[in-house]
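Trainee: I have a new model on my screen. Can we walk through it together?
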Amino acid sequence: MKKNLFLLLLFLCIATAKSQSYIGFLTDNYSGVHSVINNPANIVDSRFKTDINLIGASVFASNDYYGVKFSELIKSDYDFEDDAKTFSKDKNSIVGNVDILGPAFMFNINRKNSIAIFTRARAFYSINDINGGSLENLIDDFGENGDFSVNEGDASLSTHAWGEFGVSYARILMDKKQHFLKGGISLKYLQGLGNAYAQGKSLSIDFNANQILSGNGSVTTTGEVAYGYSENLEEDQDNIEFVKGASGFGADLGFTYEWRPNYQEYVATDSKGQTFTPKDINKYKLKFGLSITDIGSISYDKGIEERYDVSNTLNQNTFESISDLDEISDFYRTISTGNSTKAILPTALHANADWSINQNFYLNLNTDVSLTKRTNTNVSRVANVASLTPRFESKWFSFYSPISIVQHSGFQWGAGLRAGPLYIGSGSIISLLINDESKAADVYVGLKVPVYQSRPKDKDGDGVLDKVDECPDTKGPEENYGCPWPDTDGDTVLDKDDKCPEEAGEVDNNGCPWPDTDGDTVLDKDDQCPNEAGEVGNNGCPWPDTDGDGVLDKDDNCPNEAGTVANNGCPEEPEVTEEVQKTLNEYAKTILFDSGKSSIKSESNEVLKSIVNILNEYPSAKFTVEGHTDSAGSNALNQRLSDSRANSVKKYLVEKGVDQFRLSAIGYGEDRPITTNKTRAGRAQNRRVEINLIK
């Protein structure tokens with residue numbers, strides 16, 4: 001088959017290893033040191049104190065030519081050529097990779113800085129843009145089933161294996177309440193294990209099968225072919241060894257932003273203003289990551305590259321005589337010979353968004369995009385892929401199920417889990433089980449020693465972590481830094497609410513004693529005049545003396561009129577003299593009544609007004625209104641008439657403003673004559689009204 005190796009090179013295109021590693025596992029916040037694979041920023045503010053990877057391996061294979069049924073594939077007698085379904089196209093691809101993460105560890109230097117050291121072995125291979133018809137004829141040993149003619153165009157092949165020793169550093173760049181940003185970088189020393197590639201341009205191949213079978217056939221080819229390889233591939237290799245002089249450097253760079261709308265729920269502060277944030281829990285609602293990985297290349301100093309113009313026609317005997325690639329120069333024109341080109345790493349851009357539904361359930365969206373040019377020589381590439389991964393995540397166990405669209409392979413659905421030190425999974429296991437024409441498969445497995453961030457302690461169970469609890473053994477509220485509120489003065493009002501914490505007081509006065517500002521023994525709370533000493537009976541106010549006569553209003557019968565103490569605050573009245581008494585009675589005797597009646601004649605009004613004026617001059621004096629008659633008529637009639645007339649006069653005086661309590665009325669009938677009743681003049685004098693002072 002050596003003669004066909006040359007023809008195989010005619011169908012191959014630039015190296016493009018389109019494959020991924022640890023699909024699904026890298027979305028887990030507990031992937032630990034594996035974070036350096038896609039984004040080195042994730043090793044800081046990690047859920048681990050340290051994470052030690054013992055060994056882990058990820059294997060990936062993909063193509064768009066063969067489709068297989070997994071249940072048939074695992075049978076021992078399965079044959080791809082006979083049992084697999086083929087999907088021949090103008091451009092078919094076969095790709096794969098192996099990614100081994102060897103001993104590696106990460107740890108936190110402090111809260112803001114973390115480092116990781118890792119070892120890694122990687123291998124990529126690809127056959128791309130080969131014509132499916134050409135591939136079928138290669139498998140059938142060219143032409144056994146008839147004429148074979150194909151315009152291949154540009155095609156290529158590549159394989160590359162290397163080892164890495166890397167150091168990662170990550171740091172928190174911003175921690176501002178809701179907004180959190182961290183960045184990381186990995187620097188890698190690269191050591192080559194082997195590299196081979198081939199490239200064809202504008203290739204066409206024409207076989208005449210009938211002529212070949214008769215011994216008169218020919219093979220006509222056109223186009224250009226180049227191939228290169230590292231020096232260790234010139235001879236058969238029994239052991240895999242690093243290639244001397246094949247080394248290089250690589251780098252990864254990444255950033256992660258977290259949106260933490262509920263940051264206050266995670267931050268605790270002690271009495272000195274120092275804050276503490278638990279490290280064992282995720283704090284974000286949304287997380288966004290962006291990184292570029294595998295920046296760099298490996299130079300194979302003693303590698304060889306040869307380029308040929310393969311436009312020629314060979315007869316059957318000449319074609320069959322080719323047994324080694326070294327003989328190509330005997331039949332085709334050599335364009336150039338020199339050192340092989342350096343092997344470019346599969347530089348890629350990774351964008352990641354993670355939604356925390358709650359502390360255990362997450363939804364992750366990830367995209368990987370190749371940044372290396374497809375047309376460059378000896379370049380590795382990752383597959384362009386988009387994945388949506390729901391997952392359950394906890395400290396000791398995680399489960400995830402990535403759903404992906406992978407370049408060339410199409411839809412893939414997988415599942416994986418992490419259980420303490422073990423991680424295992426596949427990005428395609430479910431689609432393999434349900435699809436009869438699977439074109440890709442991958443699997444990964446590994447062991448590690450995880451040392452998780454511990455849960456902060458709360459010994460007294462008061463909800464205040466011991467880190468900020470000033471009384472870690474006694475329950476207390478968060479606002480008093482985990483200590484119970486004291487009551488220094490023992491007045492049942494806690495110091496936090498007590499405005500006089502050193503002095504016992506009243507609950508209603510915020511823990512302070514009620515004051516007596518004016519010292520009158522009436523507390524300010526009850527004192528209507530708190531700044532002026534007063535009397536208990538007057539609500540703490542001094543009794544007033546409105547008229548300023550020295551008699552307090554409470555004792556003053558005339559509070560609005562100055563008087564004397566002896567007269568209870570009222571002014572002293574003049575004495576009702578005999579002259580005044582005489583005047584009153586002279587006026588009273590002139591009051592006229594209707595004959596035999598008690599009604600007062602109107603001509604007596606002026607006299608009555610004068611009487612009112614005199615009585616008002618002596619407001620405290622009390623008087624008796626007395627009614628008298630002559631002896632004409634019966635004694636009983638005269639008694640009634642005298643009573644009636646006395647009361648008529650009293651009524652009039654009261655109506656004109658004289659206090660009724662100062663007046664009394666009484667009738668004496670004919671019992672008190674002042675003269676004889678035998679004469680008309682005498683009887684007229686006896687019919688009278690008198691107003692006399694009550695002494």
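Trainee: Which strands form the open sheet, and in what order?
Mentor: This is a predicted model. In it, three strands form an open sheet in the order β27-β26-β28. The pairing is mixed.

Trainee: Why is one side of β27 left without a neighbour in the sheet?
Mentor: β27 (663–667) stands at an edge with a single partner strand, so one of its sides has no neighbour there. The same goes for β28.

Trainee: How much are neighbouring strands turned against each other?
Mentor: By 20° on average, ignoring direction.

Trainee: In what sense do β26 and β27 pair?
Mentor: Parallel, over five bridges. Look at glycine 627: it stands opposite glycine 667 in β27.

Trainee: Which strands does α9 touch?
Mentor: α9 packs on the sheet and touches β26 and β28. Its direction makes about 160° with that of β28.

Trainee: And which does α11 touch?
Mentor: α11 packs on the sheet too, touching β26, β27 and β28. The angle between its direction and that of β27 is about 160°.

Trainee: Switching to cores. Which residues touch the most other members in the largest nonpolar one?
Mentor: That core has 24 residues. Ile591, Ile611, Leu615, Phe623, Val649, Leu653 and Ile691 touch the most other members.

Trainee: Which elements give two or more residues to this core?
Mentor: Helices α9 (578–589), α10 (605–616) and α11 (635–655), plus strands β26 (623–628) and β28 (688–693). The largest share comes from α10, with six residues.

Trainee: What is isoleucine 591 in contact with?
Mentor: Skip its neighbours within four places in sequence. Then isoleucine 591 contacts Ile600, Ser604, Val607, Leu608, Ile611 and Val649.

Trainee: How many residues are in the other core?
Mentor: 22, among them Ala104, Phe118, Phe180 and Tyr452. This core lies apart from the largest one.

Trainee: New topic: the hairpin. In what sense do β21 and β22 pair?
Mentor: Antiparallel, over four bridges. β21 covers residues 403–406 and β22 covers 410–413. Isoleucine 405 has phenylalanine 411 in β22 as its bridge partner.

Trainee: How many residues sit between the strands?
Mentor: Three. In this hairpin, histidine 408 takes a positive phi near 80°.

Trainee: Last one. What pLDDT does the protein average?
Mentor: It averages 84, and 90% of the residues score at least 70. Residues 1–19 fall below 50. Beyond near neighbours in sequence, that stretch has 103 contacts in the model.

Trainee: How should I read coordinates where pLDDT is low?
Mentor: Not in detail.

Definitions and conventions
Residues are numbered from 1 along each chain as its sequence is written. This is a predicted model: local features need pLDDT of at least 70, side-chain atom pairs count only at pLDDT 80 or more; totals for chains, interfaces and linings use all residues. Side-chain values use heavy atoms; hydrogens and water are left out. Two strands pair if DSSP finds at least two bridges between them. A nonpolar core is a set of buried Ala, Val, Leu, Ile, Met, Phe, Trp, Tyr and Cys residues joined through side-chain atoms within 4.5 Å. Buried means under 20% relative accessible area, exposed over 50%, partly exposed in between (1.4 Å probe, protein chains only). Contact means heavy atoms within 4.5 Å. pLDDT is the predictor's confidence in each residue, from 0 to 100. Axes are lines fitted to C-alpha atoms, for helices over the stretch in contact, and angles run from 0 to 180 degrees between N-to-C directions.
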